[in-house]
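Work through the following exercises with the sequence and the coordinates at hand, and compare your reasoning with each worked solution.

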Amino acid sequence: MIDVVAGLIEDDHGRLLACRRPPGKHLAGKWEFPGGKIEPGESPAAALVRELREELGITVEPHTPLTPVVHDYGRGAIRLIPISCRIVEGLPHPHEHDRIEWCDRGQLAGLDLAEADRPILAEWLGFPQK
Ligand SMILES: Nc1nc2c([nH]c(=O)n2[C@H]2C[C@H](O)[C@@H](COP(=O)(O)OP(=O)(O)OP(=O)(O)O)O2)c(=O)[nH]1
């Protein structure tokens, strides 16, 4: 089982940052919540901070963990661990995605999201709106 952390980055308008996987990568063209594989001995929150610095050039403060999702795309199972967070420094620039987009609830519902992310988005959409 490979543990992967994904950040649900919320802005002040209640939108989430969605990122599109670039050509050539597994799940190219699918939208995801940015993050990546957790290294041995690393906590999910620490992995999230590290990955979002690398991928987007931002520093985040992790807040609330959501329910992890185990999914197999046919090449071994991943456990996707979602954590909601906020940016404390920097503006996101895509270093490893071909598009990034702040999405409101309607836009999120229409995204071609990676399969493992769908229950995570559903859980987040069920939270009370601010
Ligand atoms: N980072 C991230 N990965 C996700 C999400 N949803 C989802 O199914 N994945 C999958 C895609 C990859 O198979 C795996 C880890 O992705 P990654 O971004 O760290 O790694 P990668 O593409 O460089 O690695 P690889 O799987 O192509 O070898 O998790 C998500 O929301 N965020």
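**Exercise 1.** State how many helices and strands the chain of this predicted model contains, and give the pattern they follow along the sequence.

*Solution.* Counting the elements gives three helices and eight strands. Reading along the sequence then yields the pattern β-β-β-β-α-β-β-β-β-α-α. The radius of gyration of the chain is 13 Å, close to the 14 Å that the globule rule gives for 130 residues, so the chain is as compact as a globular protein of that length. Along the principal axes, the C-alpha trace spans about 35 × 30 × 30 Å.

**Exercise 2.** Determine the strand order of the open sheet of three strands, and explain why β3 and β8 each have one side without a neighbour in the sheet.

*Solution.* The order is β3-β2-β8, and the pairing is antiparallel. β3 (31-32) and β8 (99-103) stand at the edges with a single partner strand each, so one side of each is left without a neighbour in the sheet. Turning to the pairing of β2 (residues 16-20) with β3, two bridges join these antiparallel strands, and W31 in β3 is the bridge partner of R20.

**Exercise 3.** Describe the shell around the ligand by its nearest residues, by the elements that contribute to it and by residue class.

*Solution.* Of the 15 residues around the ligand, A6, H26, E32, G36 and A116 come nearest. Two or more residues of the shell are given by each of β1 (2-9), β4 (35-37) and β7 (77-89), and the largest share, three residues, comes from β4. By class, the shell divides into eight nonpolar, three polar and four charged residues.

Methods:
Residues are numbered from 1 along each chain as its sequence is written. This is a predicted model: local features need pLDDT of at least 70, side-chain atom pairs count only at pLDDT 80 or more; totals for chains, interfaces and linings use all residues. A residue is near a molecule or strand if its C-beta atom, placed from the backbone, lies within 6 Å of it. Helices (H or I, at least four residues) and strands (E, at least two) are DSSP runs, numbered from the N terminus. Ala, Val, Leu, Ile, Met, Phe, Trp, Tyr, Cys and Pro count as nonpolar, Asp, Glu, Lys and Arg as charged, and the others, Gly among them, as polar. Two strands pair if DSSP finds at least two bridges between them. The radius of gyration is taken over C-alpha atoms; the globule rule is 2.2 Å times the number of residues to the power 0.38.
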